[in-house]
Every structure is written in structure tokens, then in C-alpha cells.
Amino acid sequence: MNKNVAMLLILLVVGSLLAWPITVLVEQLRKEPDLKQLGELDRLAEDFFQATREGDFDRSRSQIAKIAELFPTLNLPVTIRIESLNAVTQSILAARQVFVSPRVNEEKLLWHATQVRIAIDALYHEHQPIWKNYYPSLNKQLQQLLQAAVERDLTGLREQFDEQYNLYLAIRPAMSVQVSLQQMSALDSAYERLSKEMRAAAPDWQVIRDTLRELAAAVQAVFVGEERSAWAGPWVPGSPPTLIATIALVVLAPLAYVGWRKYAAERSG
């Protein structure tokens, strides 16, 4: 094969292989301003939460007002479902309304601040969101609910269910950002069946126990089933280390081949 033709083919192959990582890198650079703005929103949400926890409600009102003003102007660097976007939006609007309302107890204020905080965190932190830290609490509560159902303790069951469902509603907007529609539907359906039985004068204990087991399995699948292996390290598709390694491999492989051909030609000559 003519050397010029071979070199042209190598350059074409290198160009084709470089197209993907370069495209991804350019896309990431394009998203940088949006990520910076989302980072500012995340900082506001953290300060809003901390101010509420410290009882500084004037600062809380100021921060939630800024969040409500900034959020609609964002060009989100991540793609989310319209239902998830609405859930996050509604959590912000509800929090703003609660913080300007008179005679609202501090527990409710903190609940809304927590909901907003972890919802915005889910938009900004794709791989280690805060909402996943609630798995131990959810799992423990589900085990307690199942125990109450086995003992047919309706009063205890209703009290524990209200507490558990309240926690789920707090983290639901954040979960919906990163959890598949099918998994969210499974969780919502299980909670709806349980809520229906809790309101019944004579609940069906078998339905309650079966639904709690289904719910526990669905919660485990969401929180644990999709965890990345610890061996994955930084090698996430589209991450900077992956792009750098890909570009280096694509560039070095043809150079090594050309070097080997030159070395072989010199030896044969």
C-alpha cells in the first residue's frame, strides 16, 4: 500500500475516533455557565436550609425568595422529565408560600426547607445526591411498619406510616429527578395502597403486609440496586478522566503503529 494512502487512512481513523470525545468535551464546556448558575442555586439552597435550622427565619425568607426568582431563569445542564421539573418547582413555590405565612410551626418550616434543599442538590450532584443518605431511615421505618402489621397494631401502624410517608414526600421531588418513571410509579402506587388501607375502618392486613414487602423491595432497588461499583472510580462515561484517556489512546495508538512500521522498515533495510 502506498505510504501516503496509508497515512491518509490513519488520519481518517484518528479523526473519526476523536470525534466523540471532542464532541463531549465541547458539550461540557458549553454547559459550564449553566453549571455555574446551578452551583449558585445550590449554595442558596444550602444557606436557606441552614438558616431555617438555626431559626433565622428572616434570612430563610430572603434566600427562598432568591431561589424562587433564580430557578425559572435557569438553563438546566441536565435533562429531566417535565413531571420532575414540576415537582421541584412546586417544592420551591410551596416553601416560599409557607415562609411568608403567619403562625406556621418550625417543624413544618424545616420540612419545606429540607425538601427544597435536597431537590436542588439532586439537580447539581448527579452521582452523590443527599436524598440517598435517607435510605437507612426509610429502611428502618419500613421494618417497623412491617412489624406493626404482623402484630396488627393499627394505632402504631398509622402513626409510623404518617411519619414514614412524610419523609418520603420530603425527598420525593429530589428522587424524581434521578429515578426512572417506572420506579417512581411503583413507589407511589405502593404508598397509595397503604394510605387507602390506613383510612379503612377494617384494613386488610394481608394487603398491608404484601404492600409493605413490595415497597421495601422497591426502595432497595432505588437506593441500592443501581449503585456504581467501587471499582468504577473516575471512569464514568463523559467524565474528564475518561475523555483524556480516550483522546490519549486514540492519538498514541496510530503513532505507535507508525513508529513500529518505521522500525520494521529500518531493520529490513
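This dialogue walks through the salt bridges, a polar contact and a charged patch in a predicted model.

Colleague: What should I know about the numbering and the model before I begin?
Modeller: Residues are numbered from 1 along each chain as its sequence is written, and side-chain values use heavy atoms, with hydrogens and water left out. The model is predicted, so local features need pLDDT of at least 70 and side-chain atom pairs count only at pLDDT 80 or more, while totals for chains, interfaces and linings use all residues.

Colleague: How many salt bridges are there by the rule used here?
Modeller: A salt bridge is a side-chain nitrogen of Lys or Arg within 4 Å of a carboxyl oxygen of Asp or Glu, and by this rule the count comes to ten. One of them joins the side chains of arginine 117 and glutamate 46, at 2.6 Å from N to O. That pair links distant parts of the chain, with arginine 117 in helix 4 (residues 106-124) and glutamate 46 in helix 1 (residues 3-53), 71 residues apart; helices here are DSSP runs of H or I with at least four residues, numbered from the N terminus.

Colleague: Is arginine 117 buried or exposed?
Modeller: Buried means under 20% relative accessible area, exposed over 50%, and partly exposed in between, with a 1.4 Å probe and protein chains only. Arginine 117 counts as buried because its relative accessibility is 7%, whereas glutamate 46, at 30%, counts as partly exposed.

Colleague: Which residue forms a salt bridge with glutamate 214?
Modeller: Glutamate 214 pairs with arginine 193, the closest N and O atoms being 2.4 Å apart. Glutamate 214 lies in helix 8 (residues 205-223) and arginine 193 in helix 7 (residues 181-199), so the pair ties together parts that are 21 residues apart in sequence. Salt bridges that share partners also join Asp47, Glu54, Asp56 and Arg59 into one network, and within this group aspartate 56 and arginine 59 have their closest N and O atoms 3.3 Å apart.

Colleague: Which side chain does glutamine 63 join in a polar contact?
Modeller: A polar contact is a pair of N or O atoms within 3.5 Å; within protein, one must be able to donate a hydrogen and the other to accept it, and residues adjacent in sequence count only if both atoms are side-chain atoms. The side chain of glutamine 63 joins that of aspartate 47 at 2.6 Å. Glutamine 63 has its place in helix 2 (residues 57-70) and is buried, with a relative accessible area of 6%.

Definitions and conventions:
Helices (H or I, at least four residues) and strands (E, at least two) are DSSP runs, numbered from the N terminus.
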